[in-house]
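Work through the exercises below with the model open. Try each task before reading its solution.

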Amino acid sequence: MANSYKDTMNLPKTDFAMRANLPQNEPARLAKWDDEQIYWRVIEKNKDGEPFVLHDGPPYANGPIHIGHAFNKILKDFVLKSHAQRGFFTPYIPGWDCHGQPIEHMVEETLGTEQFRKTSQPEIRRLCREWAEKYVGVQREGFKRLGVNADWEHPYLTFIPNFEAGNVEIFKKMYLDGAIYRGRKPIHWCSHCHTALAEAEIEYGDEVSPAIFVRFEMTTVPKGLEDYVGKLDVAIWTTTPWTLPADDAVILHPEADYVAVVHEGRAIIMAKALVGKILAKFGWEGDELVEGWSATGVELCGNRYKQPIFGDQGEEGAFIYADYVTLDDGTGIVHCAPGHGADDYLAGNKFGIPVIMPVDDDGKFYIGENIGTGGPWSGMDVNEANPHIIEWLDDRGMLILHEDISHSYPHCWRCHEPVIFRATDQWFVSMDDTSLRESALDAINTKVQWIPAWASNRIGSMVAERPDWCISRQRSWGVPIPVFKCAKCGETVADEATFDAVIDLFYTDGADAWFTKKPSEYLPCDTCCAKCGAGVDELIPEKDILDVWWESGVTHTSVCKHRSSEGLTFPADMYLEGSDQHRGWFQSSLLTSVGAYGVAPYKSVMHCGFVVDELGRKMSKSLGNGVDPAEVMNKYGADVLRLWVASVDYSQDVSIGENILKQVSDAYRKIRNSIRFLLGSLDDFDDGLAVTSWDDLEPVDKYVMYKTKRFLSDVEAAYDAYRFNTVYRLAYDFVNDLSSVYLDITKDRLYSEAADSPRRRAAQTVLMNVLEVLVRVLTPILTFTMDEIWEHYPPKMREVKGRPDNVQLAGWPTIDDFVPHFPADAEDALEDDFNAIMRVRDVVMKALEDARNAKLVNKPQEAAVTVTVPADVLSIVEAYPKAVFEELFIVSGVEFVLGDEVAAQVSAATGEKCPRCWNYRTLGGNANFPDVCERCGDVLESIGFTAS
């Protein structure tokens, strides 16, 4: 009989699969979205909504996407879809950074260095473009596989004519305003890549360097040291012996006191504060100071000494001072080579110290015997020269001490080789001549929202302390610096007319024309050198190209302004990239926008951390700990990867690995199967069957409605604050609580009541509201799964007229969408009551578990409970029928008694087990069905059941 009763139950029924099979099903759904043109349909739906423009930072088009790419693009998709679901107009134009040394390097490797050097610049640029186009295609497919919505067929690429022209528009404005200049300054130089590097292109790593203490023989005598004429030295300290051929000064701290130590008959000047430490290090503990003599850095300024390498040729250096000299280590006196260091350059410039540069583009000393060459080390690589220089100094009695130290040292971000500081003629953006630094800091501090807020301090300190921006590079593949040099006198030729001509040229033919056409073919015929009057035929195009950070930095113009007809705005609402972009794209975009327009290019900036492995280690080929997003999607699916992104605090470095992905996969299954239960329980339901009166809901139904309302409010606030991990936690906890309580306790109603029972319809109404909220608010995160669920709504619900065929078109749930509507005088007391009742339930469920373990009962329906509660709780529970608690505890009887604290006692239920619903009740209440409880008998009678 029990088996036949099973056929009378309203068991869940759905065509939504329990197993997701995401790796197989997601690609098919992507094809469906392509056919539906879902991106464009969302854009069309929201075309009259408030714009929200997230401007895409361009990844580099070189190789397949990695896990960092996936993390970044998924976060952007969260931002955009959460806005689009709420009706915002969200055009999203993806882009790629296609110029630069890495692509040029790959072409060089493909051709071979010898053939590469023989190849014309236009041909090299053609090959570079083909390489970039190849990987734009590869990465585009990788990003699409993540489920990211975008205008994938019309991306911005930094090598297209429209984009290249935008570079010149910004250069023109800043050059004519006086913010761009050509100068000879020390910059980071990569000898391996043969190019200058900006600070944003530098990464730091530990290196072992030789630290040496050297004595320079003085040629002047400070007052008070006349007894040591011809026997007077200054002790310096340096970690770059190879810079000594360019030495031109020694730098002291202006306010520090300096003394002279007598060693082997010679007086040696050093900082008074370091004497004890220095003498111990040198093994000179018994040496004495020149009695009664000391002088400050300012007082010693102007003294001179023999240049350490070329002194025998009459070359001398000078004493100067600067505040940055410290008294922490060394001798308190540092040697100064203005051509090999930014600080040295600034200090030397203040005192008129000339810049000497003996090092060529390959990082080797120029050949020669005089200052400005390598002298004894002519033609030698500077780093290889270090031990030879140290030996040379030692042979001449100038070396006091040599020790190796490990310290942080700048490396090229592309080839990862150590770089050198080298003074060359370069193009710079001045940070101060036009108050760019001041204006940029004002924008950072007062105009832009930083997410997280503390990020403003990070970029602010970088902008406050950064040197002038070196924007020229000595490569082929990029946008040329749009100025000309007079062949006769060397003067720079650049004015509004020449810039406009170049802009027109780039719009028409692209930047390649710079390398194939003569200036006379596109410049105004009356263009001439303002200094010597040479005509247009005497002009030579600049050979250097622009820094790729400049190129990506002007996307606010080349994309946001140039494509404003597509709905893009300037400033953009948001830039979102990795935390390293505070010194990269965020900063280059800010400086070019503030420099050209006086405003930041973004209203808000959100950053994400780096992806590390489960042990917190940076991913690297050597460790073999990389995680390929393609492999993750082939095993788990993109939605599991997306759920992982939602689960972490993106503002910090985040971990990923197999164990983490398994945990996330478990959470995904929990969400999927809980929603599957909702779908199955609503199989015979539609909006027309929903309970329309608040009073027709049972107390626990109302409580869950309140929880759903609060969940929606909290999730919306989390999306507004871009706290996606909070969305994840709220959703997971809500589903988990729903599954363990409401879905469990209402099974009796859903399965055993008559199909059209008011009590069953009330529970289904609540489940309908829960489903509508969950599916819509989780669409930005589980974008594949929620659309799959949308397609598998109960038949009658999916046939509603006007219902969108894709959940991305369904919009955002609101409180007004709930059925029935919440009463105007919302019963806050009920929610407070149930918060107390749920605490009682926890105690009861623990007692039932203990009873099962003690074999007193097998299932909770076999139990009756007596619950002791304090007076305040008793007043709450007595306001509700006992049936509320029998359902809530899933027991067959409940009694409440007064006591000091909450406790529960379990006993066997009275009555007999109903073979249909398995509750313990008095059987035979319906005479036609004497073997079941009265409720089940009435249901059987209503459906005309006849026992077989």
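**Exercise 1: a pair within one helix**

Arg-669 and Asp-666 sit 3 residues apart, about one turn of the helix, and both belong to helix 22 (residues 658–681). Helices (H or I, at least four residues) and strands (E, at least two) are DSSP runs, numbered from the N terminus. This is a predicted model, in which local features need pLDDT of at least 70 and side-chain atom pairs count only at pLDDT 80 or more, while totals for chains, interfaces and linings use all residues. Residues are numbered from 1 along each chain as its sequence is written, and side-chain values use heavy atoms, with hydrogens and water left out.

Task: What joins the side chains of Arg-669 and Asp-666?

Solution.
- Step 1. Apply the criterion: a salt bridge is a side-chain nitrogen of Lys or Arg within 4 Å of a carboxyl oxygen of Asp or Glu.
- Step 2. Check the distance. Arg-669 and Asp-666 form a salt bridge at 2.2 Å, N to O.
- Step 3. Check the accessibility. Buried means under 20% relative accessible area, exposed over 50%, partly exposed in between (1.4 Å probe, protein chains only). Arg-669, at 43%, is therefore partly exposed. Asp-666, at 44%, is partly exposed.

**Exercise 2: a pair across the chain**

Task: Which elements hold Lys-32 and Asp-787?

Solution.
- Step 1. Find the contact. The two side chains, Lys-32 and Asp-787, make a salt bridge of 3.2 Å, N to O.
- Step 2. Place the partners. Lys-32 is in helix 2 (residues 22–36) and Asp-787 in helix 27 (residues 783–791), so the pair links distant parts of the chain, 755 residues apart.
- Step 3. Test burial. Lys-32 is partly exposed at 21%. Asp-787 is buried at 0%.

**Exercise 3: the packing of helix 11**

Task: Against which strands do the buried residues of helix 11 pack?

Solution.
- Step 1. List the buried residues. In helix 11 (residues 342–350) they are Asp-344, Tyr-345, Ala-347 and Gly-348.
- Step 2. Follow their contacts (heavy atoms within 4.5 Å). They reach strand 4 (180–190), strand 8 (249–252), strand 14 (316–321) and strand 15 (333–336).
- Step 3. Look just past the helix. Gly-352 has a positive phi of about 70°.

**Exercise 4: the overall form**

Task: How many helices and strands does the protein have?

Solution.
- Step 1. Count: 32 helices and 33 strands.
- Step 2. Compare the radius of gyration, taken over C-alpha atoms, with the globule rule of 2.2 Å times the number of residues to the power 0.38. The protein has 38 Å, well over the 30 Å that the rule gives for 948 residues, so it is more spread out than a compact globule.
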